[in-house]
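Let's take a walk through this structure together, starting with the whole chain and then zooming in on the ligand and a few backbone details. Keep the viewer open as you read.

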Amino acid sequence: MTDSQFSQFSHSGNFRPATGAVWHAAWQSPSNIALVKYWGKNEGQLPINPSLSMTLSQAVTKTRLDAFVDGAVHGLVSVNGDPHHPFIPKMQRLLDLLAGDIPMLVKLAIMAETENTFPHSTGIASSASGISAFALCLLDLANQMVIPEISLRDWTRMVSCAARLGSGSACRSVYGGFTVWGRSLLVAGSSDEYAVDVNADVNPGMLSLRDAILIVSSEQKEVASTLGHRSMDRHPFRQGRVIQANSNLEEALRALAANDFNKLGDIAENEALSLHALLMSANPGVILLKPATLEIITRVRAKRKSGLPLFFTLDAGANVHLLYPHEAAFAVESFILEELAACCEGGRVIYDHCGTGPVRFPGRNENQAG
Ligand code: DP6
């Protein structure tokens, strides 16, 4: 795979690091929730439609890489000290994909330490935060070794491109606020290869949006989303879906600019139900919703009729994300506790909100210097 996005590093094959040299990179990267869903992809991990997401704040992965040159050992040696850690295949796959464009990465042996702030047992996908944190660390290492003349903006775009190769939704996590991935005439500079942030056109009122994640089932959903993307290849509603997503993107961007929460919520619900309708009408059909998911949706819609500003969205799983303005936090969170928590596994709810994006931690060397 070669990608012009990585041209600053493509000559790094000439890079001759000394045996024993060591580099460190550490990043914290958030998860994100899609308001317009990425569903279906073309060759090269390119989306069939543009998607729009809100970056979260509390659901994050922290990853630290220690990279060294050993001569005999290459690639990802261990994760959290374990050479057989279950994350290794997915992370190594990204490393291999990037190595074609950033040859210096091939020369490194890498040990990773990684942890999620959200518990594994919640069933919240960790791939967006985990893969984006790994991509940030890898491109940070590349930067330290080659010191390219590149702006932060271009570097971040490059990271987004790298993260996309590992997991599509991860490319949207490299920015705070609201992000669009996928080419759209409505968003200047948008691309299928990387995400761009659209915050300049978002009303500041939207940046305090809340997301309460209601854990209905802690079963992992990653398989569902990989199979689901594949099911769109020959889906009878594929063409209609692409038209729908583009039209929902247009309306969602307008709602974000106008601080129109009700409109944005309408679109989020339409996207969530469409995603599951596509899953159910695929061949073979997949049902990921649980009775408790439907119970929550029913109660949310009934409550909204009484005036509470509250909408839901879903990923490819049974858990429900509730979106609400921060001004309504007290009323909504009381409603969750009194009426919805009982529908959740162990009463589990994670309270999150729109976040500001990844954070870099100083490496060990920098720490010592400081
Ligand atoms: C339903 O990004 O997990 O959450 O690219 O195969 O890793 P891969 O898929 P992934 O798909 C996410 C699908 C979704 C919608 C979204 O986040 O846009």
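**From the whole chain to the ligand**

Start with the overall dimensions: a compact globule of 370 residues would have a radius of gyration near 21 Å, and this chain has 21 Å, so the two agree. Bear in mind as you look around that this is a predicted model. If you'd rather think in terms of a box, the C-alpha trace spans about 65 × 40 × 40 Å along its principal axes. As for secondary structure, the chain holds nine helices and 13 strands. Buried residues account for 55% of the 370 residues.

Now turn to the ligand. Its shell is made up of 16 residues, and the closest are Tyr38, Lys41, Ser167, Gly168 and Ser169. Sorted by character, that shell comes out as five nonpolar, seven polar and four charged residues. Which parts of the chain supply the shell around the ligand? Both domains chip in: domain 1 (3-199) and domain 2 (205-353) each provide at least three residues.

Next, zoom in on the polar atoms around the ligand. In the side chain of Ser167, an N or O atom sits 2.7 Å from an oxygen atom of the ligand. Ser225 also has a polar side-chain atom placed 3.2 Å from a ligand oxygen. For Asp315, the distance between a polar side-chain atom and an oxygen atom of the ligand is 3.3 Å. How much of the ligand's accessible area does the protein cover? On its own the ligand has 460 Å² of accessible area, and the protein covers 94% of that.

Lys41, one of the closest residues to the ligand, leads us to Gln45. The side chains of Lys41 and Gln45 are joined by a polar contact of 2.8 Å. Gln45 itself lies in the loop between strand E2 (41-42) and strand E3 (46-47). Its side chain has another partner to look at: a polar atom there is 2.9 Å from the backbone oxygen of Arg164. Is Gln45 buried or exposed? Its relative accessibility is 13%, so it counts as buried, given that the cut-off for buried is under 20%. The backbone deserves a glance too, since phi of Gln45 is near 60°, a positive value in a residue other than glycine.

Gln45 has company in that respect. Asn259 has a phi near 55°, again a positive value in a residue other than glycine. You'll find Asn259 in the loop between helix H5 (238-258) and helix H6. With 36% relative accessibility, Asn259 counts as partly exposed, because that class runs between the 20% and 50% limits.

Follow helix H6 (261-280) onward to the loop between it and helix H7 (291-305), and you'll come to Pro284. What kind of peptide bond joins Asn283 and Pro284? That bond is cis, with omega at about 5°.

Last stop: Arg210, which belongs to strand E9 (residues 210-214). Arg210 has a relative accessibility of 25% and therefore counts as partly exposed. To place Arg210 in space, try Ala268 as a reference point: these residues are 58 positions apart along the chain, and their C-alpha atoms are separated by 14 Å.

Methods
Residues are numbered from 1 along each chain as its sequence is written. This is a predicted model: local features need pLDDT of at least 70, side-chain atom pairs count only at pLDDT 80 or more; totals for chains, interfaces and linings use all residues. Side-chain values use heavy atoms; hydrogens and water are left out. A residue is near a molecule or strand if one of its heavy atoms lies within 4 Å of it. A polar contact is a pair of N or O atoms within 3.5 Å; within protein, one must be able to donate a hydrogen and the other to accept it, and residues adjacent in sequence count only if both atoms are side-chain atoms. Accessible areas come from the Shrake-Rupley method with a 1.4 Å probe; for residues, only the protein chains shown count as cover. Ala, Val, Leu, Ile, Met, Phe, Trp, Tyr, Cys and Pro count as nonpolar, Asp, Glu, Lys and Arg as charged, and the others, Gly among them, as polar. Domain bounds come from an automatic or database domain assignment. Helices (H or I, at least four residues) and strands (E, at least two) are DSSP runs, numbered from the N terminus. The radius of gyration is taken over C-alpha atoms; the globule rule is 2.2 Å times the number of residues to the power 0.38. Buried means under 20% relative accessible area, exposed over 50%, partly exposed in between (1.4 Å probe, protein chains only).
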